[in-house]
Amino acid sequence: MADRKKRGRLSRSGDFDRVYRDGRSHANRYLVLYAFPRAEQEGADGVRLGISVSRKVGGAVERNAVKRALREAFWELDERLAPDHDFVIVARPDSAGLVEREGTKGVRVALAELLAESGPQAA
RNA sequence: ACCGCUGGCUAUGCAGUCGCGGGGGAGGUGAAAACCCCUCGAGGAAAGUCCGGACACCACAGGGCGCGGGCGGUGGGUAACGCCCACCCGGGGAAACCCGCGGGAAAGUGCCACAGAAACACACGGCCGAUGGCGCGCCAACACGUGAGGCGCGCACAGGCAAAGGUGAAAGGGUGCGGUAAGAGCGCACCGGCGCUGCGGUGACGCGGCGGCCAGGCAAACCCCGCCCGGUGCAAGGCCAAGCAGGAUCGACGACCCGGCCCGGGGAGAUCCAGGUGGGCUGCGGGGCGAAAGCCCCGCCGGAGCCUAGGCCCGGCGAGAAGGAUGGCUGCACCCGACAGAAUCCGGCUUACAGGCCAGCUACGGAA
RNA sequence: GCCGCUAUCGUCUAGGGGACUAGGACGCCGCCCUCUCACGGCGGAAACCCGGGUUCGAAUCCCGGUAGCGGUG
């Protein structure tokens, strides 16, 4: 963790739309991962993350828990992330049970699986 | 108090490290950003969005009607409330205590299925035959005629009755005694209800006296009475920036707006289609001094009192995101941690909840 | 966030205090018809979102929950 970058995040609705529309997606039972390489002329802000957790996942407490677990798991895996990409992680309803049972570790395993699929193309 | 009841408090904690959001910054590298440092960072319900307000815009939010909506024992409290406190009444409990949408059914309308004779004012079966009627016998009367009147028995024709029976959620006071042809508040005693009245209480109401028995239930059915109520909601609203392309209809003979109607008023734009943008600041969470610890002022909430009724005293709180922060890891401790995440703010209500702590009250029974 | 609406068989629905034992259509199951299937005929199973309250009586009225859906920059 020598050069710890700032944890960038997506803040514009248009950013989300672009990642959904033009990014690559991979999914398993718990999560959907979208990845989109930003063009060079844009500022090199590094990796940015957006998280989407719908109300079907659970109440506010469960949704917050899922978001926090996803954020932590994502940045723990930052060495495997393609640089200057925008990522969006969508939590599926089953993810609430995963977080409750296995915590951040379980989420990290599920997320690493998706990154392994997307890795070759993104690199 | 082990099992009961009431009120209040608390809501895993500590240390290290990495990270996230807001605010500030003496000094250091910087033009700035950033690094770095300091500080603050979810709840008692933040929840459901059920009430009441504040605030904002609609006109300055006005008058009448009450179409419409809400509330409902009494007296206080409060900015206000459907909330809180005390009391009254009714119900439950052995008690502590708990529960109650708790005005009016003699203003009117409506409903009360099935059963039952009858569901608001009735008589199926039944009881009675005092009174009147009819029949028979006897007396009056020694015999004949007449047969008034009287007595007894019978019939159940007129009529009287609502106690006991059956139906039902409910048949209109209840129990007992008297009374009667049979009965009945018909009379009486007690109880219950109602009316009048005396006393006590601010009042709901309570206690007593007298009268008389007239009054089925449902108003979370319409309704009546009393009180209250403009609409929309921070995605309200204000400011700035960027961008596009206009067209149709209506309109000072008043479009449109002020929830409905009327009055009264504002008023130059209104509606629809097409096109463009979908960014920022503010509303939004107190201020001052200080590098910081901290101190002072301000505001809100809670508590016990004091006095010129507004303050004084003590304690606590003051988070403010905008794809939306409050978390990850490691270690230690214990009874192994419930319900649950701020979104304009405040006062309530309701609902969810593992436990732990404190104070007070009650003593029928069970266990020991 | 704010403001609303709805809930009845598997699905769409009727019913708005009383034999409602909740009706109908499609679907499902069984039997008949047919060589078989379809169509048709007969029969059957199957529901008032949950918990309280008012009432003699609640799917219906009232209160509180739950779930689903919609509007709003």
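A polar contact here is a pair of N or O atoms within 3.5 Å. With that cut-off in hand, let's look at how the protein meets RNA strand B. Keep in mind that this is a predicted model.

**Polar contacts to the RNA**

Here are three pairs that fit the bill.

| Protein side | RNA strand B side | Distance |
|---|---|---|
| Arg-7, side-chain N or O atom | sugar or linking oxygen | 2.6 Å |
| Arg-9, side-chain N or O atom | phosphate oxygen | 2.8 Å |
| Val-61, polar backbone atom | phosphate oxygen | 3.5 Å |

Arg-7 turns up again in the wider picture: 19 residues surround RNA strand B, and the ones that come nearest are Arg-7, Leu-10, Arg-12, Phe-16 and Asn-64. Sort the residues of that surface by class and you get 9 charged, 5 polar and 5 nonpolar. On the RNA side, sugar or phosphate accounts for 70% of the strand B atoms within 4 Å of the protein, with bases making up the rest.

Where does the surface come from? Helix 1 (13–22), strand 4 (48–53) and helix 2 (60–76) each chip in at least two residues. Helix 2 gives the most, with 8 residues.

**A closer look at helix 1**

Helix 1 also has a buried side. Asp-15, Phe-16, Arg-18 and Val-19 are buried. These four span an arc of only 160° around the axis, so they sit on the same side of helix 1. The buried residues of helix 1 pack against strand 3 (31–37), strand 4 and strand 5 (85–91). Flip to the face turned away from that buried side and you find Ser-13 and Arg-21, both exposed.

Terms used. Residues numbered from 1 in each chain as written. Chains lettered and ligands numbered in written order. Predicted model: local features only at pLDDT ≥ 70, side-chain atom pairs only at ≥ 80, totals over all residues. Heavy atoms only, no water. Near = heavy atom within 4 Å. Polar contact = N/O pair within 3.5 Å; in protein donor to acceptor, adjacent residues only side chain to side chain. Nonpolar A, V, L, I, M, F, W, Y, C, P; charged D, E, K, R; others polar. Buried < 20%, exposed > 50% of the residue type's maximum accessible area, 1.4 Å probe, protein only. Arc of directions from axis to C-beta. Contact = heavy atoms within 4.5 Å.
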